[in-house]
Amino acid sequence: ALLEKDPQVSEPKKYDPTFKGPIYNRGCTDIVCCILFIICILGYVAVGILAWSQGDPRKVIYPTDSRGQFCGQAGTPLETKPLLFYFNIMKCASPMVLLEFQCPTTQMCVEKCPDKFMTLLKAYANKEDFKYYKNFCKEGLEGLTVTQILSSGLCPAMLTPSKPFTRRCFPALGQKKGGEITVGNNSKFDDGEGNIRDAKDLVAGVKNATVVIEARQVAMKIFEDYTQSWYWILIGLVIAMLISLLFIVLLRFLAGIMVWVMIVMVILVIGYGIFHCSMEYVSLKSEAGSNVTLKDLGFQTDFSVYLHIRQTWLAFIIILAIVEVVIILLLIFLRNRILIAIALIKEASRAIGYVMSALFYPLFTFALLSIVIAYWAVTAVFLSTSNQPIYKVFNETACDHSRKICEPANFSTSSMKAECPDSKCLFAFYGGETVYHKYLIGLQFYNVFLFFWCANFVTALGQMTLAGAFASYYWALVKPDDMPAFPIFSSLGRSLRYHTGSLAFGSLILSIIQIIRVLLEYIDHKLQGTQNKCTKFLLCCLKCCFWCLEKFIKFINRNAYIMVCAVSTGNMMNNNTLSVRPLCYWKRTLPSCFPGIFAFFFFSGRVKAFENTAPNLHYYWVPILTVVVGSYLIAHGFFSVYAMCVDTLFLCFLEDLERNDGSAERPYLMSDRLLKVLNKKNKPEPAE
């Protein structure tokens, strides 16, 4: 089993003089789950090969015209025509439908979108205009009248000024000061059928495009901010890395002082945040419009607007105050265990000094996770694009064959065309009727599930590898002589050789819970429009319960991996490990606070000395947030190794206390610092 419990967990383990920690006398664990995991991985590879052989990513990259051809694809006649043009955009419900399904109007690939108003009737009378109009028509116009062209569906009845968006031509909608909708600076247009219509009639076809376009504009501004500030962001991240390394070095020699300094600094930093937010809140008291609520303000693409609202700063004050109170309460309740935590931190610093390569092991874990994510993403794309083009009958009038599957090659001579003369056989979507296509959803689910399983397995492998390396340090009687030459590589080999099944079992349980959480989120998203409060309450409770269950399983797994690879008993699951965790979290937080504070004063222009040096940005919070998040991730990478070392040493010295009694025959292997904190000591050997 994963925890390898003894039959009688209440009895202390008997002394074993041959016990050398995790290096010798290992045995395979959870063999059945290991075999199951290997079979699932082989199946995952088979799904990937099948998807890669059937899929076509061009369906995602390029828009598709009514014939199923890809616009702008290199090496095809449409290479110079990258944009998709709709004959009558008003027949489309929304651009989201255009991206996923087919709009009941002819679509063709064009070089560029139309930039002027024009109707076929007027263009037909002018040679130059008709030459321009032909760019948006099918071939075969020679000798046909306007009526024949329109009845054959060879040309659109009108052209409206359009702009490309997601490689598709959408009307260039605008808005006058009075709120009147315009297209090409005109509020009315000729629809080509003799009717003068309002520009607002086009909104139904592109009603969601404006929101997406605004989001795109915000994204472009953010991208521009990154191009202007990337080197300063890089400097901030380098500073964060140096600070993290400096903290680890200092903790080895000044652990007690550093722990208390970090605790005080975190409290002071949060206290300064409360003070700063309070000053901003008070300063906005006399400004007009500052008392508007966030609910009334709604969503704004210019996020700096929120900083001029008093309620924003009040929310910051409340959040920071709650965090400050929680930290102070934790200190009060954990004050008696800080000495033990300091001793463990000193010992962990010493252990990391012997296993310095452990600090860079998270890079290996990150590389493996990147491979897992890339494999999942590529497989998902190929699976989603492995369908065949499906053509259906589209008709504006009543037709018995409407929306039925058709073949464009012989549609003009088919009975469907004869019964419905004005119908068209257009590309509808990608699908299929084969066995492979019927189980495509199941393959996508398998892809997602194996993604979670593999990602959790990689994370678990990292935890067990680090635990085994630090355990080899603890159980070495003479350090570093009794340690492996390469502790990380030795531990990685032992984990894969003996404990792949345990890693697979723990990650499988966690993956099942995560899949359930994803399904609950999906159900909640689908039921957002309902007003059933009972259903909402039930979903909220389930989401909360499974979130707590996931956190609990992660905690159990972490300690179980340590026990499997570092010790040999499962009766030491003890909540004392929690006493050191808050300090580990503070060590991660503080190194990210310094670069974050520096970035705030630098990019916001609050310090006059930096006014001419700082770049001119649209949103100064973009580099600040990037530096803070990046600094935290860097600190998390370093101190996650530190936290694993502390937890491993803690469980090892619990095993040490159970196996040994401090006598000359059974001496404690823990350091003198831990012996002193626990009021233990090794008895000297008797004189001969």
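In this predicted model, a network of salt bridges links Arg517, Glu550 and Lys554. One of its contacts pairs the side chains of Lys554 and Glu550, with a nitrogen-to-oxygen distance of 3.5 Å. Lys554 and Glu550 share helix 18, where four residues, or about one turn of the helix, separate them. The two partners differ in their surroundings: Glu550 is buried, because its relative accessible area is 6%, whereas Lys554, at 36%, is partly exposed.

The network is part of a broader set, as a search of the whole structure finds five salt bridges. As a general point, side chains of opposite charge can pair when their charged atoms come close. Helix 18 comes up again in the next contact. The side chains of Lys543 and Asp524 meet in a salt bridge of 3.0 Å, taken from N to O. This pair links distant parts of the chain, with Lys543 in helix 18 (residues 533–566) and Asp524 in helix 17 (residues 500–526), 19 residues apart. Lys543 has a relative accessibility of 23% and therefore counts as partly exposed. Asp524 also has a relative accessibility of 23%, so Asp524 counts as partly exposed.

A further salt bridge joins the side chains of Arg558 and Asp647, at 2.9 Å from N to O. Arg558 belongs to helix 18 and Asp647 to helix 20 (residues 621–659), so this contact ties together parts that lie 89 residues apart in sequence. Both Arg558 and Asp647 are buried.

Attention now turns to the cysteines. A disulfide is a covalent bond between the sulfur atoms of two cysteines, and the count in this model comes to three disulfides. In the disulfide formed by Cys71 and Cys109, the sulfur atoms are 1.9 Å apart. The link of Cys71 and Cys109 is left-handed, with -75 degrees about the S-S bond. Cys71 sits in the loop between helix 2 (58–61) and strand 1 (83–86), and Cys109 in strand 2 (residues 107–110), so that distant parts of the chain, 38 residues apart, are linked. Cys71 is buried, with a relative accessible area of 0%, and Cys109 is buried as well, at 4%.

Strand 2 also borders the loop that holds Cys113, and a disulfide joins Cys113 to Cys169 with an S to S distance of 2.1 Å. The torsion about the S-S bond of Cys113 and Cys169 is about -90 degrees, which means that this disulfide is left-handed. Because Cys113 lies in the loop between strand 2 and strand 3 (118–119) and Cys169 in strand 6 (residues 168–171), the bond ties together parts 56 residues apart in sequence. Cys113 counts as buried at 8% relative accessibility, as does Cys169 at 4%.

Cys137 and Cys155 form another disulfide, their sulfur atoms 2.0 Å apart. Here the torsion about the S-S bond is about 125 degrees, so the link between Cys137 and Cys155 is right-handed. Cys137 is found in the loop between helix 5 (127–133) and helix 6 (146–152), while Cys155 occupies the loop between helix 6 and strand 4 (158–159), 18 residues away. Both cysteines of the pair, Cys137 and Cys155, are buried.

Cys545 gives a contrasting case. The closest cysteine sulfur to that of Cys545 belongs to Cys544 and is 5.7 Å away, too far for a bond. With a relative accessibility of 48%, Cys545 counts as partly exposed. Cys277, with a relative accessible area of 6%, is buried.

Technical notes: Residues numbered from 1 in each chain as written. Predicted model: local features only at pLDDT ≥ 70, side-chain atom pairs only at ≥ 80, totals over all residues. Heavy atoms only, no water. Salt bridge = Lys/Arg side-chain N within 4 Å of Asp/Glu carboxyl O. Helix = DSSP H or I, 4+ residues; strand = E, 2+ residues; numbered from the N terminus. Buried < 20%, exposed > 50% of the residue type's maximum accessible area, 1.4 Å probe, protein only. Disulfide = S-S within 2.5 Å.
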